[in-house]
Amino acid sequence: MKTIKRLAVSLLIACMMTMATILIARAGGPYYISENPLTWLSGSGTPTTVSTSSCYGGSCKYMYQDTVNPAAWRWAYTRANIYNWYIYRPYTGQAAARYWWLTYQNGVKDSWFVTVDQSVNHGTWAYLGYSDYLPNSQGELRLSNQCVSGYWCGGLRVYWDDMKYTTSP
Amino acid sequence: MTNSFRNNNNMLSKREIEVLDLLVQGMSNKQIALQIGISEKTAEKHITNIYHKIGVASRAGAIRWALEQGNNGSRVSPHEESRDFPHSKEDETLLRSRQERRLLMKKLDWLISITAGILLGIIALGIGVPRILTETQSVRASSKIDDILTLVLNSHTKWSTVKGEAEITWYDPNGGGKTQTYINQFVIYQPLSAYIDGYNKDKPGFNDNELWISNGMKIYDLDKQSKTYTEGSLPKFASDLSVMPRNLSEVETDTVYDHPFSLLIPAPVKEYIYPEWFAQGNPTTAYTLTGEDNLLGRNTWIVNLKYKTGQATAWIDQSTGMILKYIQEENGQKFAEVTFTSIEVDAPLDASIFTVPPDYHPTEQP
């Protein structure tokens with residue numbers, strides 16, 4: 001009887017530890033965001049939505065490269081504690097996408113550019129970097145169709161596809 | 001120990017006969033217990049049962065009964081020495097010598113076991129070690145590509161400065177045979193300072209106005225035509241290389257962890273300066289080592305990568321892991337070709353090139 005009790009307690013502890021580990025791991029993400037909450041900011045033309053299976057979420061948005069009046073699209077994040085960022089590179093990617101990343105913490109602002117070549121590593125997530133500011137609920141991420149020197153700049157499509165983030169390192 | 005007494009009418013059990021035999025030999029309860037591997041209490045119980053079954057009340061009675069049985073010709077064991085019982089000095093000597101013999105036998109057993117073990121071990125090593133070595137060699141041979149990819153992953157740890165010039169030809173992915181060829185001049189001073197200037201070889205003045213500078217704290221996109229520049233912060237994560245995987249086992253196959261700094265550097269410079277992406281996002285079976293070559297006096301491995309939409313072939317510098325030449329095909333069409341035309345690793349640099357010239361003016365942030 002004692003052995004059965006001990007066995008039951010051991011199993012219970014093992015189950016609880018497993019559950020706790022899973023919950024802790026899930027708490028940090030990753031969280032997936034589709035292209036739907038993208039906000040159009042400025043520039044010529046409007047972003048077009050394409051529906052192809054080669055886009056991760058099934059309906060990427062895209063714009064043609066522009067060297068004169070590049071457009072900007074914004075995804076403003078209101079969730080706190082966004083830490084690592086990843087951008088999905090669609091199979092249809094042809095050009096480089098320029099991201100502009102803005103973070104705030106207690107009124108302190110920081111921003112930087114990140115260029116992601118969508119013409120390589122199709123179907124993979126590109127690691128975009130991480131934020132030093134936690135929480136950083138007032139920041140935003142912008143994507144531009146600006147033609148980036150050194151990349152193919154022949155009026156190709158720049159895509160906005162899904163992204164994901166984690167809330168802890 | 002064999003049975004010494006006939007078991008008339010099956011009066012005594014096999015174990016009891018064994019115990020009685022030892023009793024006759026003059027052993028104490030403790031000795032009997034030790035001899036046949038039972039507890040002293042069990043031995044005592046066996047003896048009590050024997051007393052009860054043969055109708056005696058003492059040890060002496062039991063021995064007497066046993067001897068009587070023996071004198072009646074029922075003795076079957078070779079314990080001849082028991083005939084001179086009860087206990088004498090001679091008996092004690094005999095008993096001691098027998099126990100010594102048993103101990104010696106035990107020691108011999110151990111010695112034989114250990115020797116056999118050692119011999120078996122030697123045989124196993126003789127057969128197994130050469131096989132293990134052969135297998136290790138074959139594993140090493142097959143993991144050559146892993147070593148090369150690991151070098152590429154850690155390329156940024158193999159040099160501190162590099163300057164050079166590369167020619168990059170982009171093929172129109174929509175077909176039609178159009179190309180754009182740039183000549184990139186670049187200077188990189190690890191980890192965060194860089195100067196990259198591009199010229200359009202085919203159409204001078206078209207899309208080649210940009211100059212890219214990082215002084216280690218800020219990054220600047222300079223427009224050479226309008227003499228303006230856009231200032232951006234250097235990502236804080238750019239200086240933290242701990243986010244980079246160092247081993248192939250740490251790389252998730254569906255994620256490409258570009259070098260933090262390389263995300264700021266225009267392609268394709270980053271592909272031969274910070275070429276981590278080449279070793280990521282694909283299973284190692286997608287890579288083939290196709291041969292070796294010598295470019296600009298440097299030994300290279302030629303590695304082919306096949307992926308879902310195309311393939312890439314890279315000439316990887318054997319000492320730094322940099323990609324010195326690179327041809328990429330997408331959907332069966334040539335997409336890009338990059339070739340170093342000069343390279344200088346760890347040469348002294350003029351730090352002033354990482355500063356924006358005074359005749360440039362800032363533009364607004366996006």
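Here are some friendly notes on the two chains, A and B, of this predicted model.

1. Ground rules. Residues are numbered from 1 along each chain as its sequence is written, and chains are lettered from A in the order in which they are written. Because the model is predicted, local features need pLDDT of at least 70 and side-chain atom pairs count only at pLDDT 80 or more, while totals for chains, interfaces and linings use all residues.

2. Confidence in chain A. The mean pLDDT (the predictor's confidence in each residue, from 0 to 100) of chain A is 79, and 81% of its residues reach 70 or more. Helices (H or I, at least four residues) and strands (E, at least two) are DSSP runs, numbered from the N terminus. Among these elements of chain A, helix α1 (residues 2-27) has the lowest mean pLDDT, 56, and strand β11 (residues 157-160) the highest, 90. Please read residues 22-26 of chain A with care: pLDDT stays under 50 there, and the model has zero contacts for them beyond four places in sequence. Contact here is defined by C-beta atoms, placed from the backbone, that lie within 7 Å.

3. The side of chain A that touches chain B. In the model, 37 residues of chain A are in contact with 36 residues of chain B. Strands β7 (96-105), β8 (108-117), β9 (125-130) and β10 (140-144) of chain A each supply at least two residues of this side, and β8(A) gives the most, with eight. By class, this side of chain A has 19 nonpolar, 14 polar and four charged residues. For these classes, Ala, Val, Leu, Ile, Met, Phe, Trp, Tyr, Cys and Pro count as nonpolar, Asp, Glu, Lys and Arg as charged, and the others, Gly among them, as polar.

4. Pairing across the chains. β9(A) pairs in the parallel sense with strand β7 (residues 255-256) of chain B, over two bridges; pairing requires that DSSP finds at least two bridges between the strands. Val256(B), in β7(B), is the bridge partner of Ala126(A).

5. A sheet within chain A. Three strands of chain A form an open sheet in the order β3-β4-β11, with antiparallel pairing. Its edge strands are β3 (48-49) and β11 of chain A, each of which pairs on one side only. Strand β4 (residues 61-64) of chain A is joined to β11(A) by four bridges, and Tyr62(A) has Tyr159(A) as its bridge partner in β11(A).

6. Backbone points to inspect. The peptide bond from Leu134(A) to Pro135(A) is cis, with omega near 0°; Pro135(A) is found in the loop between β9 and β10 of chain A. In chain B, the bond from Gln190(B) to Pro191(B) is also cis. Lys227(B) has a positive phi, near 55°, though it is a residue other than glycine. Lys227(B) is exposed (12 or fewer other C-beta atoms within 10 Å of its own), because 11 lie within that distance.

7. Nonpolar cores. A nonpolar core is a set of buried Ala, Val, Leu, Ile, Met, Phe, Trp, Tyr and Cys residues joined through C-beta atoms within 7 Å, where buried means 20 or more other C-beta atoms within 10 Å. The largest has 96 residues, and Tyr86(A), Tyr99(A), Val114(A), Tyr272(B) and Ile323(B) have the most contacts inside it. Beyond four places in sequence, Tyr86(A) is in contact with residues including Trp125(A), Met163(A) and Thr255(B). Apart from the largest core lies another, of 14 residues, among them Ile17(B) and Ala62(B).

Terms used: Two residues are in contact if their C-beta atoms, placed from the backbone, lie within 7 Å.
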